[in-house]
Amino acid sequence: MKETSLSSSKPSMTISKCIFFGVLVSIPILLFLSHRNSSSTLVSSTTTSNSDSDLKIRPGYATYDSYIQKQLNKTLNPKLRKIWTTRDWDRKIQVFSKFFGELKNRKLISDSSKVLCIGARMGQEVEALKRVGVPDSVGMDLVPYPPLVVKGDFHNQPFDDETFDLEFSNVFDHALYPEKFVSEIERTLKPGGVCVLHVALSRRADKYSANDLYSVEPLKKLFMRSELVHTRTVDGFGLDTEVVFRKKR
């Protein structure tokens, strides 16, 4: 009886050993494949993300207040404010007068247009608009400069919906939240209204910038309620590209 029992148990023991051995061999293989697939997915995702990232937010802002304070450090700098109101005053008004005159020739604004200049500081843009015959114009900045510039944060404009026919800005690089910057423009633009941005693509802006833009593509994605009208090369106080959008009706 013992011999029969022993002989009949040998095949089952052999099968168990084979199964156990097979599991031991397969576990490292499965772990390797799993790790390889996971790594491949991670690399692929990272590569795609980096290739699409033509708009990068600069690090270093612990809070929104710290971001605002850094912007105020520039705007309230006594030496800069003196330069903006003396040496730079007439020069910038001449340049902006020519620029807004071209916008009138291209039928993007008219004498009756209501215009907002975002980040206007001392209001040279607004003064230029008035000189070319667009009197219903106002500037907006963190620090007001009456009567040309009112106080406002471009992440949260202090204006009603559909207020302006045209909005102009050359401070997109100062936006910590570009999506809010753009959504506020689209909110306060009238249907059919125009937004003109001057941005830097071929060079990096100053230390007060909060983002770096490397192509027009991120702007096209941000302006979800608008259509791209045109882009062109400009020479605008260190900015090299003009991008124009029209809000859909």
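# Cavities, pockets and salt bridges

Me: How much space lies in the second largest cavity?
Reply: About 70 Å³ of space lies in the second largest cavity. Keep in mind that this is a predicted model.

Me: Which residues lie nearest the centre of that second largest cavity?
Reply: D173, V199, A200, N211 and L213 lie nearest its centre, out of 11 residues that line the second largest cavity.

Me: And which element gives the most to that lining?
Reply: β7 does, with 3 residues. Both β6 (189-199) and β7 supply at least two residues of the lining of the second largest cavity. By class, this lining has 6 nonpolar, 2 polar and 3 charged residues.

Me: How many cavities of 30 Å³ or more are there in the whole structure?
Reply: A search of the whole structure turns up 2. The largest cavity holds about 210 Å³ of space. It is lined by 17 residues, and Q71, D141, L142, F154 and H174 are the closest to its centre.

Me: Which elements supply at least two residues of the lining of the largest cavity?
Reply: α2 and β3 (137-141). α2 gives the most, with 5 residues. The lining of the largest cavity divides into 7 nonpolar, 6 polar and 4 charged residues.

Me: Where is Q71 found?
Reply: Q71 is in helix α2, which covers residues 64-75.

Me: Is Q71 buried or exposed?
Reply: Buried: the relative accessibility of Q71 is 6%, and the cut-off for buried is under 20%.

Me: What does Q71 touch, not counting residues up to four places away in sequence?
Reply: Q71 touches Y61, L142, H174 and Y208. Two of those you've met already, as L142 and H174 are among the residues closest to the centre of the largest cavity.

Me: OK, pockets. What volume does the largest pocket have?
Reply: The volume of the largest pocket is about 560 Å³. The pocket is lined by 27 residues, with K74, K92, R121, D206 and F237 nearest its centre.

Me: What's the mix of residue classes in the lining of the largest pocket?
Reply: The lining has 11 nonpolar, 6 polar and 10 charged residues. As for elements, α3 (78-85), α4 (89-105) and α5 (124-131) each supply at least two residues. α3 gives the most, with 3 residues.

Me: And what about the volume of the second largest pocket?
Reply: About 230 Å³ for the second largest pocket. Of its 13 lining residues, V95, F99, E102, H198 and D235 are the closest to its centre. α4 and β8 (226-236) are the elements that give two or more residues to this lining. The largest share, 5 residues, comes from α4. The lining of the second largest pocket divides into 5 nonpolar, 3 polar and 5 charged residues.

Me: Changing topic: how many salt bridges does the structure hold?
Reply: It holds 13. In one of them, D212 pairs with R58, with the closest N and O atoms 2.8 Å apart.

Me: Which parts does the D212 and R58 pair tie together?
Reply: D212 lies in strand β7 (residues 211-213) and R58 in the loop between β1 (55-57) and α2, so the pair links parts that are 154 residues apart in sequence. D212 is buried too, with a relative accessible area of 11%.

Me: Which residues meet in a salt bridge within helix α7?
Reply: The side chains of K220 and E217 meet at 3.2 Å, N to O. Both lie in helix α7 (residues 217-222), 3 residues apart, or about one turn of the helix. K220 is partly exposed at 39% relative accessible area, and E217 is partly exposed at 40%.

Me: With which residue does R91 form a salt bridge?
Reply: With D88, the closest N and O atoms being 3.2 Å apart. R91 is partly exposed, at 41%, whereas D88 is buried, at 8%.

Me: Which residues are linked in a network of salt bridges?
Reply: E102, R106, R232 and E242. E102 came up earlier, as one of the residues closest to the centre of the second largest pocket.

Me: How many disulfides are there?
Reply: 0 in the whole structure. Two cysteines you may want to look at are C117, buried at 0% relative accessible area, and C195, buried at 1%.

Me: Last one: how many helices and strands does the chain have?
Reply: The protein chain has 7 helices and 9 strands. Of its 249 residues, 42% count as buried.

Definitions and conventions. Residues are numbered from 1 along each chain as its sequence is written. This is a predicted model: local features need pLDDT of at least 70, side-chain atom pairs count only at pLDDT 80 or more; totals for chains, interfaces and linings use all residues. Side-chain values use heavy atoms; hydrogens and water are left out. On a 1 Å grid over the protein atoms alone, a cavity is a set of points where a 1.4 Å probe fits but cannot get out, and a pocket is an open set with protein on both sides within 12 Å along at least five of seven lines; lining residues have an atom within 4 Å of a point. Grid points are joined across faces, edges and corners, and a volume is the space filled by probe spheres set on the points. Helices (H or I, at least four residues) and strands (E, at least two) are DSSP runs, numbered from the N terminus. Ala, Val, Leu, Ile, Met, Phe, Trp, Tyr, Cys and Pro count as nonpolar, Asp, Glu, Lys and Arg as charged, and the others, Gly among them, as polar. Buried means under 20% relative accessible area, exposed over 50%, partly exposed in between (1.4 Å probe, protein chains only). Contact means heavy atoms within 4.5 Å. A salt bridge is a side-chain nitrogen of Lys or Arg within 4 Å of a carboxyl oxygen of Asp or Glu. A disulfide is a pair of cysteine sulfur atoms within 2.5 Å.
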